[in-house]
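Reader: Please take a close look at the aromatic rings in this structure. How are the paired rings placed, and where do they lie?

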Amino acid sequence: MKRSNIGGQAVMEGVMMKSPKGMALAVRRSDGSIALEYHKQTKVRKKGSIATWPIIRGVVAFVESLVTGMKITTRSAELIGEDIAEEPSRFEKWLSKVFGKSVMDVAMAIAIVMAIALALGLFVFLPQLLVHFIPNLSEGWRSLLEGVVRLLIFLGYIVAISLIKDIKRVFMYHGAEHKTIACYEADLELTPENARKCSRLHPRCGTNYMFLVMAISILVLSVASVLLSTAGLPMGNFIVRLLSRLILIPLIAGISYEVLKGAAKSDNLVCKIVRAPGLALQKLTTKEPDEEMLEVAIASFNLAMEAPEQDIEIETKKPEKAEKDEDAGAAKP
């Protein structure tokens, strides 16, 4: 079995595949054709730079994936023909003027800030608030219970959004992304038929990463809380406790990234145990794709592997059936 250095992300009606050399995006348009884009990697981290150090590289990768994910999702909506551009508000225009950026860039920055605020509210502030009022808990048990509540909120959130129709389609494209990569790594010809037979679960998935963040946060925050309390900090104070959690988020993200990379490199028993919960969670975040979704994922993967020397935009022909239907409709009197 060979391993690839390709990673991906499901977007609206499509899949993004990223290699060290660039990023490919394939989207199924409303007319049935596939729009393809490729953007060459322009920022190459120098070997030995601080951004490549263990732990730190995980934090950098997390921030980059968040920004890229928001941009690529917005771009996918544009490619399928949805008009997501709205008249900018007076506030957005003012921000654009102040910061010297386009309205779209400003709106994207606001969306990212709001997404981070929501995540912190759900997974940092709310768990701490729920546990704060439970009396007679030692520092270690309070941190452990807080982590369990955080994990339960995360699982509930995944289940809730999976019930939304549009999100379910994104999860199907997520499955197509994994099946395509698995098909390549199994050294099979990249066809929808072969990909359909492959697993939709993958050890390098972002779902695994998020679960590791939740699990490792329980350990790190529990140990940190006991140590800080022993050092004399008032960990019973809500604000002090909240700040300690926020400060430790980058460390948790960095450690989780290293664990994810390490567990994906081997199939020994320890790595399998580490991967197991994340793979189980992927049964919620991925769904079985249809053939058209697999076609889109394969088109994106092939373009990423091809790695053109410059940015390109391609639009495939409409499916033959769609063209015949269109011609038949045009022939009617």
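Author: Phenylalanine 62 counts as partly exposed in this predicted model, because its relative accessibility is 36% and the partly exposed range runs between 20% and 50%. Its partner ring belongs to tyrosine 209, which counts as buried, because its relative accessibility is 9% and buried means under 20%. The two ring centres are 6.2 Å apart and the planes stand at 40 degrees, so the pair is tilted. Phenylalanine 62 sits in helix α1 (residues 56–79) and tyrosine 209 in helix α7 (residues 206–230), so this pair ties together parts that are 147 residues apart in sequence.

A tilted arrangement is also found for tyrosine 184 and phenylalanine 301, with 5.0 Å from centre to centre and 50 degrees between the planes. This pair, too, links distant parts of the chain: tyrosine 184 is in helix α5 (residues 165–185) and phenylalanine 301 in helix α10 (residues 291–306), 117 residues apart. Phenylalanine 301 has a relative accessibility of 0%, so this residue counts as buried.

The structure holds 5 aromatic pairs. Elsewhere, Phe123, Phe154 and Tyr157 form one aromatic cluster.

An aromatic residue also takes part in a surface feature. Trp141 joins Ile134, Leu144, Leu145, Val148 and Leu152 in making a nonpolar surface patch of about 540 Å². Within this patch, leucine 145 belongs to helix α4 (residues 139–161). With a relative accessible area of 32%, leucine 145 is partly exposed.

Terms used. Residues numbered from 1 in each chain as written. Predicted model: local features only at pLDDT ≥ 70, side-chain atom pairs only at ≥ 80, totals over all residues. Heavy atoms only, no water. Phe/Tyr/Trp six-rings, centres within 6.5 Å; stacked < 30°, edge-to-face > 60°. Helix = DSSP H or I, 4+ residues; strand = E, 2+ residues; numbered from the N terminus. Buried < 20%, exposed > 50% of the residue type's maximum accessible area, 1.4 Å probe, protein only. Patch = residues over 30% accessible without salt bridge, like charges linked within 9 Å, V, L, I, M, F, W, Y side chains within 5 Å. Areas by Shrake-Rupley, 256 points an atom, 1.4 Å probe, with all protein chains shown as cover. Salt bridge = Lys/Arg side-chain N within 4 Å of Asp/Glu carboxyl O.
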